[in-house]
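Biologist: Before we discuss any detail, could you put the chain on the screen, so that we can go through its charged pairs, its helix packing and its surface in turn?

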Amino acid sequence: MIGIVLSLGAGILFGLSGLFPSAFGGFLERWIDISLYVLVFGVGMELAWESKAFEEIRSMGFRVFFLPLAAMAGSLLGATFVALCSPMTLKECLAVASGFGWYSLSGVLLARLGNPSLGLFAFATNVFREILTLVNLEWVYRVFGGWAAVALGGATSMDTTLGVLSRVSGGKLVPLGVVSGVLHSLCVPFWVTLFFRFL
């Protein structure tokens with residue numbers, strides 16, 4: 001987390017310094033495209049590595065998909081409420097919320113779609129969601145149960161918050177966390193692009 005903040009700060013400082021010519025922006029755009037492909041490729045790899053998790057949740061049937069779908073709906077409903085109470089448009093709020101905690105993709109994707117400032121806001125918002133999840137996951141698990149704890153992390157429940165899920169649940173929530181995180185992650189590029197371009 002510290003490394004991410006330092007990298008972002010360094011990028012802002014170098015951008016403001018004027019040390020790089022404007023043509024350098026084109027070079028960065030090409031690398032941003034490559035990074036998007038690498039991120040999506042990584043999701044595919046994780047799907048393959050965690051294939052055993054799917055075997056463990058077969059007994060739950062299609063009910064297991066209701067959790068991530070409900071969590072996504074909750075995120076989007078929350079964003080709609082924020083749009084009513086803030087100067088941001090509904091389109092902007094929904095696009096940011098559609099990051100579902102995956103800050104590295106949502107921020108870059110919105111920047112590539114033509115709104116770097118909204119991309120930065122999405123990055124910060126989704127980093128904050130991850131931090132809040134790490135801080136609050138244990139008591140959410142105790143008070144509201146396992147499904148609520150998994151839903152809290154969104155896309156991060158398959159990676160950065162998976163360790164906490166495993167610890168607080170004695171490993172019982174790991175398969176559900178992986179499934180929920182994977183489905184959230186797969187939906188991020190679709191929903192962010194849809195809300196930003198077509199709403």
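Biologist: Is Glu138 buried, partly exposed or exposed?
Modeller: This is a predicted model, and the answer rests on computed accessibility. Glu138 has a relative accessible area of 36%, and because the class in between runs from 20% to 50%, the residue falls inside that class. Glu138 is therefore partly exposed.

Biologist: Which residue of helix α9 meets Glu138 in a salt bridge, and how many residues apart in sequence are the parts that the pair ties together?
Modeller: The side chains of Glu138 and Arg167 meet in a salt bridge, with 3.7 Å from N to O. Glu138 lies in helix α7 and Arg167 in helix α9 (residues 162-169), so the partner is Arg167 and the parts tied together are 29 residues apart in sequence.

Biologist: Which other residue forms a salt bridge with Glu138, and what separates the two along helix α7?
Modeller: Arg142 forms a salt bridge with Glu138, the closest N and O atoms being 3.7 Å apart, which is within the 4 Å cut-off. Arg142 is exposed, with a relative accessible area of 60%. Because Arg142 and Glu138 are four residues apart in helix α7, what separates Glu138 from its partner Arg142 is about one helical turn.

Biologist: How many salt bridges does a search of the whole structure find, and which residues do those that share partners join into one network?
Modeller: The search of the whole structure finds two salt bridges. Arg167, which is exposed at 56% relative accessible area, takes part in one of them with Glu138. Salt bridges that share partners make one network of Glu138, Arg142 and Arg167.

Biologist: How are helices α7 and α8 oriented, roughly parallel or roughly antiparallel?
Modeller: The axes of helix α7 (residues 116-144) and helix α8 (residues 146-153) come within 8 Å and cross at roughly 175 degrees. Since angles over 145 degrees count as roughly antiparallel, α7 and α8 are roughly antiparallel. Among the residues in contact are Leu137, Val140 and Phe144 in α7, and Ala148 and Leu152 in α8.

Biologist: What accessible area do the residues of the nonpolar surface patch have together?
Modeller: The patch consists of Phe62, Phe65, Phe66, Leu69 and Trp147. One of its members, Leu69, lies in helix α4 (residues 66-85) and is exposed, with a relative accessible area of 52%. Together the patch residues have an accessible area of about 590 Å².

Methods. Residues numbered from 1 in each chain as written. Predicted model: local features only at pLDDT ≥ 70, side-chain atom pairs only at ≥ 80, totals over all residues. Heavy atoms only, no water. Patch = residues over 30% accessible without salt bridge, like charges linked within 9 Å, V, L, I, M, F, W, Y side chains within 5 Å. Areas by Shrake-Rupley, 256 points an atom, 1.4 Å probe, with all protein chains shown as cover. Buried < 20%, exposed > 50% of the residue type's maximum accessible area, 1.4 Å probe, protein only. Axes fitted to C-alpha atoms, helices over the stretch in contact; angles between N-to-C directions. Parallel < 35°, antiparallel > 145°, perpendicular 65-115°, else oblique. Contact = heavy atoms within 4.5 Å.
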